[in-house]
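Trainee: I have a structure to go through and would like some help. Can we start with charged pairs?

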Amino acid sequence: METLMSIIVGILFAIGMYLILSKSLLRIILGTSVIAHGSHLLIITMGGLKTGGPALLGKHFTTFVDPIPQALILTSIVINFAITAFLLVLAYRSYQVVGTENMERLRGNDNE
Amino acid sequence: MNNFVVLPLLIPLLAGLFMIIFRKNTILQRWLSVISFVLTTLVALYLLRQVFNQGIQIVNLGGWQAPFGIVFVVDMLSALLLVTTGIVSTLCVLYAFNSIGKEREGFYFYPLLQFLIVGVNGSFLTGDIFNLFVCFEVMLLSSYVLLSLGGTKLQLKETIKYVLINTLSSTLFVVAIAYLYAVVGTLNMAHLSVRVAEAGQTGFLTVVAIFFLIVFSLKAALFLYFWLPGAYSAPPPVIAAIFGALLTKVGIYALFRMFTLIFYHQPEITHILLGILAALTMVLGGLGAIAQKDIRYILSYNVIIGVGFIISGLAIFTPKAVIGAVYYLIHDMAMKALLFLLGGAIMTIVGSGKLKEMGGLIRNHPLLGWMFLIATLSLAGIPPLSGFVGKVLIIEEGLAKGGTNASFYWLAALGLFSSFLVLYSLLKIFINGFWGETLLSEDMEKGSTKGLLLPCALLVAIGIFLGVGAEWIYPYIEQAATSMLNPNIYIEAVLGEVI
């Protein structure tokens, strides 16, 4: 199971990287989001995958899942959600002001 | 347990939340900002005294014991940085009163500044590596908004790049934490240090360490600085001053923590790598600084040189070199803020940052000119100003360690060479801006420096104090270095009751 998850994480990172390297700003934002999801899956995989156990310690459970990675993911997802929302608004605003979402035309500054 | 420890985070947080309610009331926001930052500074000074007399102070949040709950820890390094942050942020907010403008004040500039300081102070305080990530994000999210606040074309362009590179590095941070957790099964920094020491820093852990090195290098602009000059030159000077003085320094603090507390077992790999990156940063940052013709870019590149020099002290990794690095870190926070504020004052007068559009400012603005010269000399390391002590200690130790490994000669030589580049690049501003024919008569000036010079003068005073009063500050910095080089002191303070 861990092997399968590792491969999925790798695929998500590859897709995210491909999207980040494209020229459209919207695709880049989606790319960062996909990579972030890959990292969330990675955390849960690194905590160890066990089926059938709750994330609690109790006397009548024989197996249990480490709760810390789940707490980490929750935090990380919330942060990623906020940043993606901010990025989308920023992209929309800059599209209005600059008039393009092509990264080629967003490079450089008035100084050059 | 010491509940004061949490206050440097709590005060700005509450002040910021309170200010949001009164968006229109600028006067209230100004007063509250100053009160909040002054209070934070006072608490930090109190903590500094306490740490000096009684050792490291901790607080277990929610009453959960150390490796299970989140702890906030103040050791000497954190306390010194908290005090410096408090002073710098107070003076920057005073400067902002007369420079930031009505529009930005009306759109949450002051609350955002408070939240930025929440993140910065939180990063200095926390003793938990995931919590460090969270505090980093609090700081970065505020900085994203501050950078884009105002919405000019240049700002929006640069913010997009800044946000993207930081989002990516934050994701890498999470990945690195996941790997570390998988290997050692803990997130508390003191506990991490114990576990890594027990397991021995094997190949896999060293790879994780280098992962962290990449992440923090991106945040601290150590070699991976390509995003910095653009991003730091886009916002108004006071925001750039806060960024230049505080944001990269948080990355440096994280590097200090990681490579003195946790991953200190294989200096022949990790610290040599740090040294190489530091040397490259100094050279490339220096070349960038002398090539530019715009004040904002010259100052941004100077931030990069400073980062390289501080990290070279960490790379040499002897007690005196670490003392030098901490000393230079504090000096750099104060002086970079000063430099950006003075640059801002010049740009207010001239109306642009281009060197060829200014000249002869010293005739009408002698005080500004002399303060700029003092800042320049201080950053170049001329005694008795503040940059001297740090430079002397780091270069001396680099030369001493050169006896065992010749590559440290190179590091020390490049450190000296970078001082010349700093001096040249800043004197270029001084000569172009203040000498020569006066291009602008007093009524042609674009803006007035009313109220801008007082915070600068106070920062100059701090710079002179750091240099002249070095003897008086030395015991504090020595204690910081001692606790950094003996992780057991930190571990015992945090986990003392458990182990």
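Mentor: A definition to begin with: a salt bridge is a side-chain nitrogen of Lys or Arg within 4 Å of a carboxyl oxygen of Asp or Glu. Keep in mind that this is a predicted model.

Trainee: OK, how many salt bridges over all chains?

Mentor: The count comes to seven. One of them pairs Asp332(B) with Lys249(B), with the closest N and O atoms 3.2 Å apart. The two residues lie in distant parts of the chain, 83 residues apart: Asp332(B) is in helix α14 and Lys249(B) in helix α11 of chain B.

Trainee: Is Asp332(B) buried or exposed?

Mentor: Asp332(B) is buried, with a relative accessible area of 0%. Lys249(B) is buried as well, at 1%.

Trainee: Which other salt bridge does Asp332(B) form?

Mentor: One with Lys336(B), where the closest N and O atoms are 2.9 Å apart. Asp332(B) and Lys336(B) are four residues apart in helix α14 of chain B, so about one helical turn separates them. Lys336(B) counts as buried too, at 1% relative accessibility. Through shared partners, Lys249(B), Asp332(B) and Lys336(B) join into one network.

Trainee: Switching topic. How many salt bridges are there between chain B and chain A?

Mentor: Zero. The area buried between chain B and chain A is about 3,000 Å², and carbon and sulfur atoms give 80% of that.

Trainee: Which elements of chain B give two or more residues to that side?

Mentor: Helices α6 and α7 of chain B. The largest share, 19 residues, comes from α7(B). By type, the residues on the side of chain B that touches chain A are 20 nonpolar, six polar and seven charged.

Key
Residues numbered from 1 in each chain as written. Chains lettered and ligands numbered in written order. Predicted model: local features only at pLDDT ≥ 70, side-chain atom pairs only at ≥ 80, totals over all residues. Heavy atoms only, no water. Buried area = accessible area lost by both parts, 1.4 Å probe. Nonpolar A, V, L, I, M, F, W, Y, C, P; charged D, E, K, R; others polar. Buried < 20%, exposed > 50% of the residue type's maximum accessible area, 1.4 Å probe, protein only.
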